[in-house]
Amino acid sequence: MGRLNVTLCGVGLDNPIIPASGTFGFGYEFAELYDINVLGSLSFKGTTKEPRFGNPGTRIAEAPSGLLNAVGLQNPGVDKVLAEELPKLKACFKKPIMANISGFSVDEYTYVAEKLSADEQIAWFEVNISCPNVHGGGMSFGTDPKAAAEVTRAVKAVTDKPVIMKLSPNVTSIVDIAKACEDAGADGISLINTLLAERIDLKTRRPVIKNVTGGLSGPAVFPLAVRMVSQVAKAVKVPVVGLGGVSSAENVLELMMAGATAVQIGAANLVDPYIARDIIRALPETMDRYNITTLESIIGVAN
C-alpha cells in the first residue's frame, strides 16, 4: 500500500479524501475543472425517493468562518439519478462512489437504498439521518437512538453493500446514537453533519434564511467535529468518516489522528472548487513535516 492509501469498510482507497454530499453535485460538474479521479471517492448529492425542489426563498447565509444553508435536499429523485446522473458520473469517474440517501420515513430510506443497490459503482451507502421523521412528529431520525437503529436495520436488510450512518451533531450524546447504529448493524459512522443555527438581518429585523434556521458548516465547526469524531471513534469498533470544516491537509491529519479512516470536504468546495485536489497534492509534504510515514498509521493515535 502507498502512503496515502486507506481501507474503508473493506474497500481500498488511493487516498482518504472524499467530497461531502451536497457540496459536489453528482461529481461530473467538477470534472470540467480537473480530473476528479485523483479523489479517493466522492459522496454524491443526497437522493430521495421523489424529486425535491428544495426550500423556497433565501437558502444560504454567511456566518463568521462558515455559512448556513437550508437548501432542503434538492435533488431529481432516485429514478432520475439512476437514469441520468450516475451515467454522466461513470463517464468521467472510474472509482467506487458513495451514495448519500435521505428519507422522511423508514420505507423511503429502504426504497432508495434498494433501487441504488443495483448500481455496481456504488460501494457504500451513506445514510443521512438528519431528516425529519414525518411519522414520528417531525423529529429527526438522528436525534433518537431507537429511530437511528430502526433506519440502520431497515437499510441493512435491503442491501449487501456497507452502510455508513451519517450523524447529526444536534444531540445531547452523539456516542449514544453512534452505538445504537453500530448495534443495529452499521458498517461505519460518518460525522458531523451541520449544526442548527440562525442569522438575523438587522435592516429587516427578520431571519436571513426563509426557513429561519439552517445548518452551520465551515471552519467554525471544525473543533466540534474533532471532538465528536474522537468520542465516537473511541466508542465504536466500525470505521469512522470524519467531516466538518475541513479546509487543509493539516485538518485531514488532525481528524485522522482523532480516529477518522477517511475525511470528507464539504463547505470548502463551495469556496474553492479545487480544494479537494489541492489537499491531496499537499498531503505528502505535510506528512513529511510531521514525520508521518503512512496515513493508516495515524488513525486514532490521539485516542
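**A parallel sheet, two packed helices and three salt bridges**

In this predicted model, strands β14 (residues 240-242) and β15 (residues 260-265) run parallel and are joined by three bridges. One of the residues involved is valine 240, whose bridge partner in β15 is alanine 260.

Two helices pack on the sheet that holds these strands. Helix α6 (residues 249-258) touches β3, β14 and β15, and the direction of α6 makes about 145° with that of β15. Helix α8 (residues 275-289) touches β3 and β15; the direction of α8 makes about 175° with that of β3.

The sheet as a whole is open and has seven strands, in the order β3-β15-β14-β9-β8-β7-β6, with parallel pairing. Its edges are β3 (17-19) and β6 (97-101). Each of these has a single partner strand, so one side of each is left without a neighbour in the sheet. Direction ignored, neighbouring strands are turned by 30° against each other on average.

The side chains add further links. Across the whole structure, a search finds seven salt bridges, and three of them are described here, beginning with the pair of aspartate 119 and lysine 90. Their side chains meet at 2.5 Å, N to O. Aspartate 119 lies in the loop between α2 (106-116) and β7 (122-128), whereas lysine 90 belongs to helix α1 (residues 78-90), so this salt bridge ties together parts that are 29 residues apart in sequence. The two partners fall into separate accessibility classes: aspartate 119 has 6% relative accessibility and counts as buried because the cut-off is under 20%, while lysine 90, at 32%, counts as partly exposed.

A second salt bridge returns to the two helices on the sheet. The side chains of glutamate 250 and arginine 289 meet at 3.0 Å, N to O. Glutamate 250 sits in helix α6 and arginine 289 in helix α8, so the pair ties together parts that are 39 residues apart in sequence. Glutamate 250 counts as partly exposed at 31% relative accessibility, and arginine 289 is partly exposed with a relative accessible area of 47%.

The last pair to consider is aspartate 278 and arginine 277, whose side chains form a salt bridge at 2.9 Å, N to O. Aspartate 278 has a relative accessible area of 29% and is partly exposed. Arginine 277, with a relative accessible area of 17%, is buried. Here the acidic partner is partly exposed and the basic partner is buried, whereas in the first pair aspartate 119 is buried and lysine 90 is partly exposed.

Conventions: Residues numbered from 1 in each chain as written. Predicted model: local features only at pLDDT ≥ 70, side-chain atom pairs only at ≥ 80, totals over all residues. Heavy atoms only, no water. Pairing = 2+ DSSP bridges. Helix = DSSP H or I, 4+ residues; strand = E, 2+ residues; numbered from the N terminus. Axes fitted to C-alpha atoms, helices over the stretch in contact; angles between N-to-C directions. Contact = heavy atoms within 4.5 Å. Salt bridge = Lys/Arg side-chain N within 4 Å of Asp/Glu carboxyl O. Buried < 20%, exposed > 50% of the residue type's maximum accessible area, 1.4 Å probe, protein only.
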